[in-house]
Amino acid sequence: MVQLTVTPESSLADVPVSIRASGLTPFQMVTLYLWLTDEKEVKFESRAFYQANEAGEVDVKEACAQGGDYSGVWPMGLFCSMKPVKLFHRLIKLDVIGSPFRVHISLFDSFVFLPSPDKVPLVECTVERWYAAPGVKRFQVKEGQVRGALFLPPGPGPFPGVIDMFGGSGGLIEFRASLLASKGFAVLALAFFAYDDLPAVLAKIDLEYFEEATKLLLNHPMVRGPGLGAIGLSKGAEIALAMCTFLEQIVAVVCINGTTTVAGVPLHFRDICIPAIPYYGEKVLVTDPGVLTNCHVMGDPREEKHQACIIPLEKALGHVLFVVGEDDRSIDSKLFAEMALARAKKHGKNNCTLLHYPGAGHLIEPPGSPLSNMTTIRGSPKPIKWGGKPEPHAKAQEHSWKEIETFFKHHLGPAGNSNL
């Protein structure tokens, strides 16, 4: 009897999954087809074509895919190579507490590119991918000016605290915060524009807003001080670096593919104003099927006229981990990180570390997340190209996620334990 075994059947979204088919005829050609539907009713799918071994088995950990959405040996290939049926959509979990992504995996005889009613699978199964471990709690935050969501692990606490921010799309994105909370951190997913009653457009970076969020998190009885961590992607990385530079409470930051200058809009903090490197819209390139490439839009941070825009991280008392994709097509994030490391070294600082990944794009997310190399974004007239190649990007996500957890535990102290 043909069997399809997928383990674990229910797990956190960053946990590897094993897929094994058995009971096939020796050397039988088969198709493994994976799909899910997100909360916006957009379908994501992938497929791979395998040949069973002489025992009639396909173990994805060892078997070589002949073709499909990837080829070669890639244990998580079906998950990481998912693509939206509707172009330019990004897979983002919205309800991170109440429901998982239900991922359907089917095994077909022979070569099946697109399932249809006349093509019945030999066997199929469904697995659950959760974004919060049992016992993780979410609290809506609307206090003073601060808007976001607080995630607390189960247990007595107190827990090390982290502020989590995303980029220029605005709004509130929670899936990374809930996964970090599942590892024992108290995490504030922080919005800073285009959410609730916050400004619809980011006209400036008011660091006093982020200072208020820092104090709010530190004052929570379930959060262990005296210092906090911060993690940010893109614009969120720029803000995280500024927080570490000017706020003494921020002692460890992870900057994922961000600038190390102020970019686009100025930064204000009390009597400090750092001007922004301007964006030159006329330098945008239209590539692929009407997709915008922005990697040349920002002014060159090495030019003398932009030196006042550099975030003076030599003032930072905390530690900085730069995570960089070398195929980032949004900004030259490796250049910015290397400039920051050189500046820190010039001032006798050794508090910065750089992780850089060939083939990884801009949107480096927790492992198991499919590559989003072209997506729509709020405020852009056309989709944006983010870059990245599926397998090296996936490897970057796997490695950097472990390093991020280790970095925060080292500088913030041990986290609580919470597993699904």
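Which residues in α3 meet which residues in α4? In this predicted model, L207, F210 and T214 on the α3 side meet I239, A242, M243 and F246 on the α4 side. Sorted by class, this contact has six nonpolar residues, one polar residue and no charged residues. The axes of helix α3, which spans residues 207–218, and helix α4, which spans residues 235–246, come within 11 Å and cross at roughly 75 degrees. Because an angle of 65 to 115 degrees counts as roughly perpendicular, α3 is described as roughly perpendicular to α4.

Helix α3 also holds E212, a residue with 23% relative accessibility that therefore counts as partly exposed, given that this class lies between the 20% limit for buried and the 50% limit for exposed residues. When residues up to four places away in sequence are not counted, E212 touches E143, G144, Q145 and V146. By contrast with these contacts, E212 and V291 are 38 Å apart in space, C-alpha to C-alpha, with a separation of 79 residues in sequence. On the approach to α4, the loop between β16 (residues 223–233) and α4 contains S234, which has a positive phi of about 60 degrees although S234 is not a glycine.

A positive phi in a residue other than glycine is also found at E41, where the angle is near 65 degrees. E41 belongs to the loop between β4 (residues 29–37) and β5 (residues 43–51), and its relative accessible area of 64% is the reason why E41 is classed as exposed. Two cis peptide bonds may be described alongside these backbone features. One of them joins T7 and P8, with omega at about -10 degrees, and P8 lies in the loop between β1 (residues 3–7) and β2 (residues 10–12). Another cis peptide bond joins G157 and P158, with omega at about -5 degrees, and here the proline, P158, lies in the loop between β12 (residues 146–152) and β13 (residues 159–165).

Among the strand residues examined, I19 lies in β3, which covers residues 18–22. With a relative accessible area of 2%, I19 is buried. Leaving aside neighbours within four places in sequence, the contacts of I19 are L4, T5, V6, L32, V58, D59, V60, L78, F79 and I105. I19 and L218 are 199 residues apart in sequence, and their C-alpha atoms are 43 Å apart in space. For F139, which is found in strand β11 (residues 137–143), the relative accessible area is 39%, so this residue is partly exposed. The contacts of F139, again without neighbours within four places in sequence, are G148, A149, L150 and L152. F139 and F151 are twelve residues apart in sequence, with a C-alpha to C-alpha distance of 6.5 Å.

A charged side chain in a loop gives a further case. E365 is placed in the loop between β23 (residues 352–357) and β24 (residues 374–375), and with a relative accessible area of 5% E365 is nevertheless buried, since values under 20% fall in that class. Apart from residues up to four places away in sequence, E365 touches R90, F175 and Q397.

Internal space was also examined. Rolling a probe the size of a water molecule over the atoms shows where empty space is left. The structure holds four cavities of 30 Å³ or more, and the largest cavity has a volume of about 110 Å³. This largest cavity is lined by 15 residues, of which A13, M82, R129, Y131 and G368 are the closest to its centre. By class, its lining has twelve nonpolar residues, two polar residues and one charged residue. The second largest cavity has a volume of about 70 Å³. Its lining includes D164, M165, F166 and G167, together with G170, G171, L172 and I173, and also L190, A191, F192 and F193. These lining residues divide into eight nonpolar, three polar and one charged.

How values were computed: Residues are numbered from 1 along each chain as its sequence is written. This is a predicted model: local features need pLDDT of at least 70, side-chain atom pairs count only at pLDDT 80 or more; totals for chains, interfaces and linings use all residues. Side-chain values use heavy atoms; hydrogens and water are left out. On a 1 Å grid over the protein atoms alone, a cavity is a set of points where a 1.4 Å probe fits but cannot get out, and a pocket is an open set with protein on both sides within 12 Å along at least five of seven lines; lining residues have an atom within 4 Å of a point. Grid points are joined across faces, edges and corners, and a volume is the space filled by probe spheres set on the points. Ala, Val, Leu, Ile, Met, Phe, Trp, Tyr, Cys and Pro count as nonpolar, Asp, Glu, Lys and Arg as charged, and the others, Gly among them, as polar. Helices (H or I, at least four residues) and strands (E, at least two) are DSSP runs, numbered from the N terminus. Buried means under 20% relative accessible area, exposed over 50%, partly exposed in between (1.4 Å probe, protein chains only). Contact means heavy atoms within 4.5 Å. Axes are lines fitted to C-alpha atoms, for helices over the stretch in contact, and angles run from 0 to 180 degrees between N-to-C directions. Angles under 35 degrees count as roughly parallel, over 145 as roughly antiparallel, 65 to 115 as roughly perpendicular and the rest as oblique.
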